[in-house]
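Subject: A structure to look at, with notes

Dear colleague,

I am handing over a structure that I would like you to open alongside its sequence. Please look through it once on your own before you read my notes underneath.

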Amino acid sequence: MYRETARLIMYSRLGEDNILLKLSEIFERTQKCEAVSREPLVRDVYDQVYRILDLSTRYGFDENLWQCYIAYLLATNENPFSIICETVGASADATVNTIVKQDMDCFYRLFHYDFSEVQGSLGVDCFDILTHYHSMAKAENTYNRSVSEKVRALAGKLREAEDGAGFFDIVTAFYKQYGVGKFGLNKAFRVIHKGEDAILSPITHTSDVTLDHLIGYELQKKQLIENTEAFVEGRKANNCLLYGDSGTGKSTCIKAILNQYYDRGLRLIEIYKHQFKDLSNIIEQVKNRNYRFIIYMDDLSFEEFEIEYKYLKAVIEGGMEVRPDNVLIYATSNRRHLIRETWSDRSDMSQDELHRSDTMQEKLSLVARFGVSINFSRPQKKGFDEIVLGLAENEPEITLGAEELLMKANAWSLRNGGYSGRVAEQFITYLKSIAK
């Protein structure tokens, strides 16, 4: 194993703490170590086996965990070759192919590595367990299903390859179809900080909601689809502000848009007000990737003393650096104007501000930077009834007749905040909770 990892060129940057490199180093020490002093090596091996088991649990791997791990390495290794492949695919006559095919020969041998010698030398059977593993059943929201499905499918195809050349064809086709690394394998990301650095961390479980789940609001959905369609096709598109009453489906609409266009390269980055100072850094990280990124700001609003909106204004339009074509901003808000106004902003009698019109323009200019504004208002009773009936249709355990269902739904809305899609969904959830 040590010889194979030492020969890697394009894929050599695996990280100092990489499991494969750690095991290679341990196996190399095993060959040079006397039998009486091998107990520490056993402990070191078990530590790496535990890490493979932990990785497999987080990503829902099964059967041959070693081969899933090698497939995971290939799917997530961002290097000059893999990043170019996600954009244009592998060129048939590129000189770099010779280097990468040599690496794929190494990975082919690692994928089919025979652990019997090292297991016999150390007196362990842990790798037999890893390569014939049956995982416990897990709920889908306990592991990263998006990554799991792709990596397990890749491992299955790699098992059919006859040599390193077969690995090369399969892996480059995977890069072209899905991309590479966290952006290729995940739908959505949040911003976390490690020291001074803002890092995009995958959100491992996202909603499966579709636009069909959002009953009504056809004009609003049409506007959002048209804008997003233009964006993923590489045409000009606008930043979008979805505003209006709470519980009307603004956030749901954006989550559904992500699911609809994920297979066409759409990704979402969720960001909060206190992170707006990181916006330029975040855009720098994604601007050269072959994906379309929506920077998503939920429930966006500012009090008059908050100044974070100035970062947002500069990024949307107004800073020296042009926003890249593969980035848009979608925001939801209960406020049309985002920044709270006071009567002193409008009053001709205010003594605190000599240039009231400048203050007003400052606050309204943020909204003006969203080219598309879509209003989501609370439904009337008829619309609320349609939402309730539509949601109930998909729930076989709800057996109430339409008249009784709507009577109970309207009573529920009076006690729980009025007519809205959210109230309707909460009512349906209540009925499911008491169904027998």
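What follows is an account of what was found, going from the whole chain to single residues.

Please keep in mind throughout that this is a predicted model. The secondary structure of the protein comes to 20 helices and seven strands, and 47% of its 436 residues count as buried. If you take the contacts between residues at least 6 apart in sequence, 77% of them join residues that are at least 24 apart.

The strands are a good place to begin. Strands of a sheet pair through backbone hydrogen bonds, and this pairing can be either parallel or antiparallel. Here seven strands form an open sheet with mixed pairing, and reading across it gives the order E2-E1-E4-E5-E6-E3-E7. Strand E2 (197-202) and strand E7 (372-376) each have a single partner strand, so they stand at the edges and one side of each is left without a neighbour in the sheet. On average, and with direction ignored, neighbouring strands of this sheet are turned by 25 degrees against each other.

Two pairs of strands show both senses of pairing. Strand E5 (residues 292-297) pairs with strand E6 (residues 327-333) in the parallel sense over five bridges, and Tyr-296 stands opposite Tyr-330 in E6. Strand E1 (residues 188-194), on the other hand, runs antiparallel to E2 and is joined to it by six bridges, with Ser-201 in E2 as the bridge partner of Arg-190. The hairpin of E1 and E2 has two residues between the strands, and in this hairpin Gly-195 takes a positive phi near 65 degrees.

Ile-199 also lies in strand E2, and I would ask you to find it on the model. Its relative accessible area is 27%, which means that Ile-199 is partly exposed. Leaving aside residues up to four places away in sequence, Ile-199 touches Lys-182, Arg-190, Val-191, Ile-192 and Lys-194. Ile-199 and Asp-278 are 79 residues apart along the chain, while their C-alpha atoms are separated by 9.6 Å.

Turning to the helices, the axes of helix H2 (residues 19-32) and helix H4 (residues 65-76) come within 11 Å and cross at roughly 125 degrees, which makes H2 oblique to H4. Where the two helices are in contact, Ile-19, Leu-20 and Leu-23 in H2 meet Trp-66, Tyr-69 and Leu-73 in H4. Sorted by class, this contact of H2 with H4 has six nonpolar residues, no polar and no charged ones.

Another residue to find is Met-104, whose place is in helix H6 (residues 96-111). Because its relative accessible area is 1%, Met-104 counts as buried. Not counting residues up to four places away in sequence, Met-104 touches Tyr-11, Leu-74, Gly-164, Phe-167, Phe-168 and Val-171. From C-alpha to C-alpha, Met-104 and Met-10 are 9.9 Å apart in space, although 94 residues separate them in sequence.

Lastly, a word on the cysteines. Cys-68 is buried, at 2% relative accessibility, and Cys-85 is buried as well, with a relative accessible area of 1%. How many disulfides does a search of the whole structure find? The search finds zero.

With best wishes

Conventions. Residues are numbered from 1 along each chain as its sequence is written. This is a predicted model: local features need pLDDT of at least 70, side-chain atom pairs count only at pLDDT 80 or more; totals for chains, interfaces and linings use all residues. Side-chain values use heavy atoms; hydrogens and water are left out. Axes are lines fitted to C-alpha atoms, for helices over the stretch in contact, and angles run from 0 to 180 degrees between N-to-C directions. Helices (H or I, at least four residues) and strands (E, at least two) are DSSP runs, numbered from the N terminus. Angles under 35 degrees count as roughly parallel, over 145 as roughly antiparallel, 65 to 115 as roughly perpendicular and the rest as oblique. Contact means heavy atoms within 4.5 Å. Ala, Val, Leu, Ile, Met, Phe, Trp, Tyr, Cys and Pro count as nonpolar, Asp, Glu, Lys and Arg as charged, and the others, Gly among them, as polar. Two strands pair if DSSP finds at least two bridges between them. A disulfide is a pair of cysteine sulfur atoms within 2.5 Å. Buried means under 20% relative accessible area, exposed over 50%, partly exposed in between (1.4 Å probe, protein chains only).
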